[in-house]
Amino acid sequence: MEPIRPPQNIAIIGAGIAGIACALAISQELSPFVPNLKITVYERHDILSTSGGAINLTPVAQRHLARLGVLDELDRMGTEGGADVDAIELFSMRSGRAIGSIKFTDNQGKGFGGYKGRRVMRIALSVAMLTVVERAPNVEIVFGKKVIDGEEFEDRAVVRFQDGTEAVGDLIIGCDGVHSAVRTRFVDV
């Protein structure tokens, strides 16, 4: 039996928060063990998407972002990098009445694991993540690549884009949202 070898050429589809976080995490974990690791993130839009409002980051999310180096970047952004919150209030969409809250602090007002919650604009989080990924030597983001087709072979996968180009990788990861082209072109076939 042939030994399992880790992927060396990884294509991630979608340069949103999930796609960039995935690229950063894989880069950190595999770089020490995989020489010539190459991670390419393909995004269908021509620029970083600015859609979406504020995001509430839990203490667990902040711990993960700290490990990726993103939390330091958010902190460098000052007030644009978000604000600590002790809790978030939940409201009924039907009646508008308060239905409860999720607390991010203990009885002494301290965060869990050193972190409280943080409310940050989606675009600020995306910019912070993009700044960190630009420092990763083996990660590249390519904009303007809309997936139209894909094919899986025994030793590789191919993703074809609307502009006539294609990407070949040992591993294709779909981080392209609820209407995932990766899921519909590879998984649901």
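**Cores, pairs and a surface patch**

Asp86 comes out partly exposed, at 42% relative accessibility. Keep in mind that this is a predicted model. Asp86 is a good way in, since its side chain meets that of Lys116 in a salt bridge, 3.1 Å from N to O. Asp86 sits in the loop between strand S4 (83-85) and strand S5 (87-91), while Lys116 sits in the loop between S6 and strand S7 (117-121), so the pair ties together parts that are 30 residues apart in sequence. Lys116, like its partner, counts as partly exposed, here at 27% relative accessibility.

**The nonpolar cores**

- The largest nonpolar core has 33 residues, and the members that touch the most others are Ile12, Ile39, Val70 and Leu125.
- Eight elements give it two or more residues apiece: strands S1 (9-13), S2 (38-43), S3 (54-57) and S8 (139-143), plus helices H1 (17-30), H2 (59-68), H3 (70-76) and H4 (122-134).
- H4 is the top contributor to this core, with seven residues.
- Another core, of 13 residues, lies apart from that one; its members include Tyr42, Ala157, Ala167 and Phe186.
- In general, nonpolar side chains of soluble globular proteins tend to be buried together.
- Back to Leu125: leaving aside neighbours within four places in sequence, Leu125 is in contact with Ile17, Ile55, Leu57, Leu65, Val70, Leu74 and Val120.

**Pro59 and its surroundings**

- Pro59 belongs to helix H2, and with 10% relative accessibility it counts as buried.
- Setting aside neighbours within four places in sequence, Pro59 is in contact with Phe104, Phe112, Tyr115, Lys116 and Gly117. Lys116 on that list is the salt-bridge partner of Asp86.
- For a sense of distance, Pro59 and Gly150 are 91 residues apart along the chain, and 37 Å separates their C-alpha atoms.

**The S9–S10 hairpin**

- Strand S9 (residues 147-152) and strand S10 (residues 157-161) run antiparallel and are joined by five bridges.
- The two strands make a hairpin, with four residues between them.
- Asp149 has Arg160 in S10 as its bridge partner.
- Arg160 also makes a salt bridge with Glu151, where the closest N and O atoms are 2.8 Å apart. Arg160 is partly exposed at 24% relative accessibility, and Glu151 is partly exposed too, at 32%.
- Through shared partners, salt bridges join Asp149, Glu151, Arg160 and Glu166 into one network.

**Salt bridges elsewhere**

- The count for the model comes to ten salt bridges.
- As a general point, side chains of opposite charge can pair when their charged atoms come close.
- One of the ten pairs Arg76 with Glu73, at 3.3 Å from N to O.
- Both of these residues lie in helix H3, three residues apart, which is about one turn of the helix.
- Arg76 is exposed, because its relative accessible area of 56% is over the 50% mark. Glu73, by contrast, counts as buried at 11% relative accessibility.

**A nonpolar patch on the surface**

- Leu90, Ile99 and Ile102 make up a nonpolar surface patch, with about 260 Å² of accessible area together.
- Ile102 is placed in strand S6 (residues 98-103).
- At 38% relative accessibility, Ile102 counts as partly exposed, because that category runs between the 20% and 50% cut-offs.

Notes: Residues are numbered from 1 along each chain as its sequence is written. This is a predicted model: local features need pLDDT of at least 70, side-chain atom pairs count only at pLDDT 80 or more; totals for chains, interfaces and linings use all residues. Side-chain values use heavy atoms; hydrogens and water are left out. A nonpolar core is a set of buried Ala, Val, Leu, Ile, Met, Phe, Trp, Tyr and Cys residues joined through side-chain atoms within 4.5 Å. Buried means under 20% relative accessible area, exposed over 50%, partly exposed in between (1.4 Å probe, protein chains only). Contact means heavy atoms within 4.5 Å. Patches are made of residues with over 30% relative accessible area and no salt bridge: like charges are joined within 9 Å, nonpolar side chains (Val, Leu, Ile, Met, Phe, Trp, Tyr) within 5 Å. Accessible areas come from the Shrake-Rupley method with a 1.4 Å probe; for residues, only the protein chains shown count as cover. A salt bridge is a side-chain nitrogen of Lys or Arg within 4 Å of a carboxyl oxygen of Asp or Glu. Two strands pair if DSSP finds at least two bridges between them.
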